[in-house]
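Welcome! Have a look at the sequence and the 3D picture below, and then we will walk through them together.

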Amino acid sequence: MKSPHYYTSQEVQQLLGLGSLRTAQIRIQSMNEELKSRGYWIERGKVPRKFFHERYPYIPEERISS
């Protein structure tokens with residue numbers, strides 16, 4: 001089941017066109033560290049969709065294909 005609130009590492013990999021899943025996981029970890037430093041709770045291995053698109057505003061949400 002796809003979450004309407006979070007992107008998984010596979011989805012981030014697809015959105016950014018990354019060749020490695022590990023690279024997507026590192027990007028998610030970095031974004032989650034930023035959120036945690038701001039006092040937000042995080043979900044390991046997932047990044048909030050809204051925050052992702054704040055960091056990557058040039059990537060439209062419709063780019064995810066199942």
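## Buried or exposed?

A residue is called buried when its relative accessible area is under 20%, exposed when that area is over 50%, and partly exposed in between. Keep in mind that you are looking at a predicted model.

Let us try this on two tyrosines. Y58 has a relative accessibility of 60%, so Y58 counts as exposed. Y56, at 13%, counts as buried.

## Aromatic rings

These two tyrosines also form an aromatic pair. Their ring centres are 6.0 Å apart, and their planes meet at 80 degrees. Planes over 60 degrees apart count as edge-to-face, and that is how the pair of Y56 and Y58 is classed.

How many aromatic pairs are there? The count comes to three. Y56 and Y58 also belong to one aromatic cluster, together with Y7 and F52.

## One side of helix α1

Which residues of helix α1 are buried? Helix α1 runs over residues 9-16, and its buried residues are S9, E11, V12, L15 and L16. They cover an arc of only 160 degrees around the axis, so they sit on the same side of α1.

What covers these buried residues includes the strands β1 (6-8) and β2 (46-48), as well as the helices α2 and α3 (49-55). Just after α1 comes G17, which takes a positive phi of about 65 degrees.

## The nonpolar core

In soluble globular proteins, nonpolar side chains tend to be buried together. Here, the largest nonpolar core has 14 residues, and V12, L16, V47 and F52 are the ones that touch the most other members. Helices α1, α2 and α3 each supply at least two residues of this core, and α2 gives the most, with four.

Now zoom in on V47. Leaving aside neighbours within four places in sequence, V47 is in contact with H5, Y6, Y7, V12, I28, M31, N32 and F52. Two of these names may look familiar: Y7 and F52 are members of the aromatic cluster.

## A closer look at L35

Where does L35 lie? L35 is part of helix α2, which spans residues 21-37. With a relative accessible area of 6%, L35 is buried, because buried means under 20%.

Leaving aside neighbours within four places in sequence, L35 is in contact with Y40, I42, P48 and F51. To get a feeling for distances, find E61 as well: L35 and E61 are 26 residues apart in sequence, and their C-alpha atoms are 20 Å apart in space.

Conventions
Residues numbered from 1 in each chain as written. Predicted model: local features only at pLDDT ≥ 70, side-chain atom pairs only at ≥ 80, totals over all residues. Heavy atoms only, no water. Phe/Tyr/Trp six-rings, centres within 6.5 Å; stacked < 30°, edge-to-face > 60°. Buried < 20%, exposed > 50% of the residue type's maximum accessible area, 1.4 Å probe, protein only. Contact = heavy atoms within 4.5 Å. Arc of directions from axis to C-beta. Core = buried A, V, L, I, M, F, W, Y, C linked by side-chain atoms within 4.5 Å.
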